[in-house]
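Colleague: Please take a close look at the largest nonpolar core of this model, and tell me how it is put together and how its terms are defined.

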Amino acid sequence: MPGTVRRKVLINLATALAAVVLSTVGYYLLPIGRFGVAGTVNWVVAFAIGLAAVAALIVFQVRRFRTRDVRRSSSIAGVVAALYLAVLFFSTVYFGLAYHDPGSITVLRTKTDALYFALSITSTVGFGDVHAVSQLARAIAALHMAFNIGFLGAAVAIVRVRAKRPDGA
């Protein structure tokens, strides 16, 4: 049985790592800024749909992890991969905003800058070298922080509760 558990853990880790690598590659390949801005309404709708999709994925992964259904087992790696997709989502939004409104976020010029900014917000490090300047950028960053408090906080709480259970179930 220990060999089966180890194999499941390795498969879950490999799957999560593959998801992170593929989603990062996809992020860098997105043609952000090449087609212009379709309008404020389209931007807001696309943002809301994207945020809802990422939130749903995180909730799905956390629930799977929490219930630990034998038929559909999940791991902490799946939760982490889903949370990383949220970082990539916000990175995409920040890059698109900076591309269409230069100066809205200081020194954000590349997708790597945007990824760095999103990771610094998510990790709560916030070095201050990249920061929101415009009201829209600040609103998005504030939403990102609230999203982190809600979803990252919930994920951590559920993982802690499950880890404290004596049987690991």
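Modeller: What follows goes from the chain as a whole to the core, then to two of its residues and one of its helices. This is a predicted model, in which local features need pLDDT of at least 70 and side-chain atom pairs count only at pLDDT 80 or more, while totals for chains, interfaces and linings use all residues. Residues are numbered from 1 along each chain as its sequence is written, and side-chain values use heavy atoms, with hydrogens and water left out.

The chain holds 5 helices and 0 strands, these being DSSP runs (H or I of at least four residues for helices, E of at least two for strands) numbered from the N terminus. Of its 169 residues, 36% count as buried, a word that stands for under 20% relative accessible area, with exposed meaning over 50% and partly exposed in between (1.4 Å probe, protein chains only). A contact means heavy atoms within 4.5 Å, and among contacts between residues at least 6 apart in sequence, 71% join residues at least 24 apart.

A nonpolar core is a set of buried Ala, Val, Leu, Ile, Met, Phe, Trp, Tyr and Cys residues joined through side-chain atoms within 4.5 Å. The largest one has 37 residues, and those that touch the most other members are Ile58, Phe90, Tyr94, Ile105, Leu108 and Phe147. Two or more residues come from each of helices H2 (40-67), H3 (76-100), H4 (111-122) and H5 (135-164), and H3 gives the largest share, 14 residues. In soluble globular proteins, nonpolar side chains tend to be buried together.

Phe90 lies in H3, and it counts as buried because its relative accessibility is 0%. Leaving aside residues up to four places away in sequence, Phe90 touches Phe47, Leu51, Ala118, Ile140, His144 and Phe147. The C-alpha atoms of Phe90 and Gly50 are 9.5 Å apart, although 40 residues separate the two along the chain. With the same sequence neighbours left out, Ile58 touches Ala82, Leu83, Ala86, Phe147 and Phe151.

As for H4, its buried residues are Lys111, Ala114, Leu115, Phe117, Ala118, Ser120, Ile121 and Thr122. The expected span of a helix is 1.5 Å times one less than its number of residues, so the 12 residues of H4 should span 16 Å, in agreement with the 16 Å between its end C-alpha atoms. After H4 comes Thr124, whose phi is positive, near 65 degrees.
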